[in-house]
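User: I would like to go through the aromatic contacts and the nonpolar interior of a protein model. Please reason through each answer formally.

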Amino acid sequence: VDPALDPRADVAGLLADHFDQREPDYHGVTANDGVAHRCWVVSEPEKIDQLRAFFEPTDVFIADGHHRYTTALQHARRHADQPLAQTCLFVLVASEDPGMIVLPTHRVIRGMQGYTIDALQRHLTGVTVSETQDDLATLEKRLPAAGHHAMGLYDGDTKRRFILTFNDADPLAATHADKPDVWRQLDVAILQHALVEGVLKPNFGQDTGYRYTAELEQMRQMTEAEPGQLGVVMQATPLGSVMGVSLADEVMPPKSTFFYPKLATGLAINPLTQPSI
């Protein structure tokens, strides 16, 4: 899937005079990650009509917040007599914008009974596991060139680090033939179904589960916090794959992506009650 839905940057060009020639209507907070928020209001009817005309035939993908959107739809259906219930706040970001950064969400696998890294390797089939002396940041950088669906493994008990690759480019073909190719190629789906469901739960107990973080150092600390845990360093999911899964009428697995930067919560609020007149 070509992620460029506005290759001529029509929307950016339409709004350029706001950004380049006007001061922001208000300055928002500077979040903990150092990202400053500036907001411009677009109120000119002509520009609004041009934006509406652009988006009417254009696909819009929900990259984050699909539960909130579903809740908004249910609210609208239950309160069809209330005009404001038919609207909801959202943020649109151009997929070709260089500021649209998709980072991976790493995993910490917990709840395993009798797990050791050596025991895990004895149960693995169809993969290649290579130990490395790289630190986690270097290991993460090596993953894209390491092989099919490469993932990093970090054993919290021994502090040993590994790169795991699959021998088959489509390891879910036999078990998930009903799923579209783009979904089967998601590393997060392969981790869940080929490793967690296929190896970890049968051998180390059905209570096996995840914790998530986008920060490598936090993943290391979380993995070491309790015995018998395994950290998994993931690659970023390509933006084109996110779109392809949606176009195939599928849903992304949980925590497949970490879109950065994050907007500050409460930057804009839709009032829940009608203002008094």
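User: Over the ring of which residue does the charged end of lysine 179 sit?

Analyst: The model is a predicted one. A charge counts as sitting over a ring if, among other conditions, NZ of Lys is within 6 Å of the ring centre. The charged end of lysine 179 is placed 4.9 Å from the centre of such a ring. The ring belongs to tryptophan 183.

User: Which parts of the chain does the pair of phenylalanine 19 and tryptophan 40 tie together, and how many residues apart are they in sequence?

Analyst: The two rings form an edge-to-face pair, with 70° between the planes and 4.9 Å centre to centre. Phenylalanine 19 belongs to helix 1, whereas tryptophan 40 is in the loop between strand 2 and helix 2, so the pair joins parts whose separation in sequence is 21 residues.

User: Is tryptophan 40 buried or exposed?

Analyst: The limit for a buried residue is under 20% relative accessible area. Tryptophan 40 has 19% relative accessibility and therefore counts as buried.

User: Which helix gives the most residues to the largest nonpolar core?

Analyst: This core has 31 residues, and Leu120, Met151 and Leu230 touch the most other members. Elements that each supply at least two of its residues include helix 4, strand 6 and helix 9. The greatest contribution, 9 residues, comes from helix 7.

User: How many residues are in the other core, which lies apart from it?

Analyst: Among the members of this separate core are Leu136, Tyr154, Met219 and Met222. Its total is 11 residues.

Note on methods
Residues are numbered from 1 along each chain as its sequence is written. This is a predicted model: local features need pLDDT of at least 70, side-chain atom pairs count only at pLDDT 80 or more; totals for chains, interfaces and linings use all residues. Side-chain values use heavy atoms; hydrogens and water are left out. Rings of Phe, Tyr and Trp (its six-membered ring) pair if their centres lie within 6.5 Å; planes under 30 degrees apart count as stacked, over 60 as edge-to-face and the rest as tilted. Helices (H or I, at least four residues) and strands (E, at least two) are DSSP runs, numbered from the N terminus. Buried means under 20% relative accessible area, exposed over 50%, partly exposed in between (1.4 Å probe, protein chains only). A charge sits over a ring if NZ of Lys or CZ of Arg is within 6 Å of the ring centre and within 35 degrees of the ring normal. A nonpolar core is a set of buried Ala, Val, Leu, Ile, Met, Phe, Trp, Tyr and Cys residues joined through side-chain atoms within 4.5 Å.
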